[in-house]
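The following exercises concern helix packing, burial and backbone geometry. Each task is followed by a solution in steps.

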Amino acid sequence: MTGARIFFVGGLMSYRALFGWLSPWIFIPTFLVAPIFQILLFVYIGRSAGVESDKFYVIGNALQYCAIPCIFAMSNTIAGERYQKTLGYILATPAGRLPLFLGRSLPVIGNGVFASAFALSAGGAIVGIHVPASSIASIALVIVVTSASCTSLGLVSAALGLRVRETATLNNIVFGLLLVFCGVNVPLSELPGWMSFIAQGFPLTHGIEAARRLANGQSFGSVGGLIGAEALIGAAYALLGYQLLRLLEWQGRRLATLETA
Amino acid sequence: MSAVRLLAIGWVLHFKMLSRSSFNSVLGVVYPLFFATVAFFLFREGSPHALLYASLGASVMGIWSATSTAAGGALQRERWHGTLELLVAAPAHFSLVMLPVTLAMSTIGIYSMAATLLWGRLVFGISLHIAHPLLFCLAVPVTIVSIGMCGFLLAVSFVRYRTAWALGNLLEYPVWLICGFLVPLSLFPGWVRPISWLLAPTWGMRAIREAAIGGSALPDIGMCAGLGAAYTLIGVLVVGRLLHSARARATLSLT
């Protein structure tokens, strides 16, 4: 019961207290307006270069933008606590680490889903793409799975935050790598072989592909494998992130670097 | 004379500080490279001219990136450091204190510009033959200074917003989009073009491209410099009113 309370109540409190994203002055420009401009940027670059369709860029960038809330928010579970001088207290508590950190991921996933769904709806409406009504529910599910998968990668980033002081720099680099590798704007078939191979192990890659196929009218059953792969990759990152958190917490205690990393 | 000295020392000091920050220096170089890489992949199917167009455009994107995000949060950073009140109370005009900060931010963008051109050359084989080297060498610093002045206007305009960094972040994509870095202005609806013309990066980008490819860059350099001067003038005029307002409401440190 205590674990469930830490998971739900602790997660929600942490989200509200740490990120301050509920302020409309941050939430609206960061999560609602910026993704629209990212979509427009690549739609127009695509038109200028004369390559893929508008729909390709709208879906790719809308889904990729969930990386901003998911990765940055999760890593703030460490960096934000350190900044507020509360990291030591958090890690000194006997609370189970699993509900403590995974509980913080739940509102983050919700935020990522909202940001991506809004970007897809608004960006799609502005650019004028057509998505079959029958695919909307399936695409919504893909967005949920992709956001969860990205949040798992954020958990790894959070763990690294126990050893790396500049988490903002790290997260921006992760965001950029996802932008280049995951077929967001360049089809995997156009990337060099080694890049598309690495992309198979990143979150987003399979989710974006699944959403594109659904938007082109394919059935949910035909993309089940892609959604499963995205979920599996997310689970693997969640496991890796959790183990890294435990390991680096232990190391941080041993080396007395929790506050100074 | 003391004003020039203040500007020069402030620029050197802040340039050194920004160079020591991994967020401003390392990320300032690496982050625009991600977007440049995507652009190179997209444009490589076209002519070599298209790739050169993208290479030059992507290189200037970094200058704007280095400025917009950092300038938006420049005053907030002083607020966090507890130095904003001291700077406002200093006998020097606040503009002379802030202008070198944003100029240093845009100057950091030169790292990104060089890195992007080098990345394009080494990884994508984009050779840059500069038709008018002298004009190119004039266009680049004028663009950097004008973008820095634009950052100054942003910084002082956001003095009363605690979350100015978010607004600064927000401006990164729109300026990349409508200033002709990677997309010709002719592709946009007609109402977008007058907005582009009011932005110094548009003219700076045109000047750099004209100088590199071989055209008449001087008018564009003039427009870029003129707009930069206008931003500074507007900034100087509004900063007094904004600071007075912040002091009168006792919101300088709290906003």
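**Exercise 1. A leucine in a loop**

Task: For Leu204(A), determine whether the residue is buried or exposed, then establish where it is placed and what its phi is.

Solution. The model is a predicted one.
Step 1. Leu204(A) has a relative accessible area of 0%. Buried means under 20%, so Leu204(A) is buried.
Step 2. Leu204(A) sits in the loop of chain A between helix H9 (193-199) and helix H10 (205-215).
Step 3. The phi of Leu204(A) is near 85°, which is a positive value in a residue other than glycine. Most residues other than glycine have a negative phi.

**Exercise 2. Helices H2 and H6 of chain A**

Task: Classify the packing of H2(A) and H6(A) by angle, and state which residues make the contact.

Solution.
Step 1. Helix H2 of chain A covers residues 24-49 and helix H6 of chain A covers residues 97-127; they pack at an angle of about 45°, and their axes are 9 Å apart.
Step 2. Because of this angle, H2(A) is oblique to H6(A).
Step 3. H2(A) and H6(A) have a right-handed crossing.
Step 4. From H2(A), the contact residues include Phe27(A), Phe31(A), Leu32(A) and Arg47(A); from H6(A), they include Asn111(A), Phe114(A), Phe118(A) and Gly123(A).
Step 5. By class, the residues of this contact of H2(A) with H6(A) are 15 nonpolar, 2 polar and 1 charged.

**Exercise 3. Helices H7 and H11 of chain A**

Task: State how the axes of H7(A) and H11(A) are related and how the contact residues divide by class.

Solution.
Step 1. The axes of helix H7 (residues 136-160) and helix H11 (residues 224-255), both of chain A, come within 8 Å and cross at roughly 20°.
Step 2. Angles under 35 degrees count as roughly parallel, so H7(A) is roughly parallel to H11(A).
Step 3. The handedness of the H7(A) and H11(A) crossing is left-handed.
Step 4. The contact of H7(A) with H11(A) involves 18 nonpolar, 5 polar and 1 charged residues.

**Exercise 4. Helices H4 and H6 of chain B**

Task: Describe the packing of H4(B) against H6(B) and name the residues that meet.

Solution.
Step 1. Helix H4 of chain B (residues 74-81) packs with H6(B) at an angle of about 110°, the axes being 11 Å apart.
Step 2. This angle makes H4(B) roughly perpendicular to H6(B).
Step 3. H4(B) passes H6(B) in a right-handed crossing.
Step 4. On the H4(B) side are Ala74(B), Leu75(B) and Arg77(B), which meet Phe94(B), Met98(B), Val101(B) and Met105(B) of H6(B).
Step 5. In this contact of H4(B) with H6(B), 6 residues are nonpolar, none is polar and 1 is charged.

**Exercise 5. Residues in helices H6 and H12 of chain B**

Task: Compile the placement, burial and contacts of Thr116(B) and Val239(B), and then the placement and accessibility of Met223(B).

Solution.
Step 1. Thr116(B) is placed in helix H6 (residues 94-124) of chain B. Its relative accessibility is 0%, so Thr116(B) counts as buried.
Step 2. Apart from residues up to four places away in sequence, Thr116(B) touches Leu33(B), Ala36(B), Phe40(B), Ser55(B), Ala58(B) and Ser59(B).
Step 3. Val239(B) belongs to helix H12 (residues 218-248) of chain B. Val239(B) also counts as buried, because its relative accessibility is 3%.
Step 4. With residues up to four places away in sequence not counted, Val239(B) touches His93(B), Phe94(B), Ser95(B) and Val156(B).
Step 5. Val239(B) and His81(B) are 158 residues apart along the chain, and their C-alpha atoms are separated by 20 Å.
Step 6. Met223(B) is likewise found in helix H12 of chain B. At 38% relative accessibility, Met223(B) counts as partly exposed.

**Exercise 6. The nonpolar core**

Task: Which residues touch the most other members of the largest nonpolar core, and what surrounds Phe181(B) in terms of contacts?

Solution.
Step 1. The largest nonpolar core has 172 residues, of which Leu178(A), Phe35(B) and Phe181(B) touch the most other members.
Step 2. Leaving aside neighbours within four places in sequence, the contacts of Phe181(B) include Tyr53(B), Val60(B), Met61(B), Trp64(B), Trp176(B), Pro201(B) and Arg209(B).

Terms used
Residues are numbered from 1 along each chain as its sequence is written. Chains are lettered from A and ligands numbered from 1 in the order in which they are written. This is a predicted model: local features need pLDDT of at least 70, side-chain atom pairs count only at pLDDT 80 or more; totals for chains, interfaces and linings use all residues. Side-chain values use heavy atoms; hydrogens and water are left out. Helices (H or I, at least four residues) and strands (E, at least two) are DSSP runs, numbered from the N terminus. Buried means under 20% relative accessible area, exposed over 50%, partly exposed in between (1.4 Å probe, protein chains only). Contact means heavy atoms within 4.5 Å. Axes are lines fitted to C-alpha atoms, for helices over the stretch in contact, and angles run from 0 to 180 degrees between N-to-C directions. Angles under 35 degrees count as roughly parallel, over 145 as roughly antiparallel, 65 to 115 as roughly perpendicular and the rest as oblique. A crossing is left-handed if the near helix is turned anticlockwise from the far one by less than a right angle, and right-handed if clockwise. Ala, Val, Leu, Ile, Met, Phe, Trp, Tyr, Cys and Pro count as nonpolar, Asp, Glu, Lys and Arg as charged, and the others, Gly among them, as polar. A nonpolar core is a set of buried Ala, Val, Leu, Ile, Met, Phe, Trp, Tyr and Cys residues joined through side-chain atoms within 4.5 Å.
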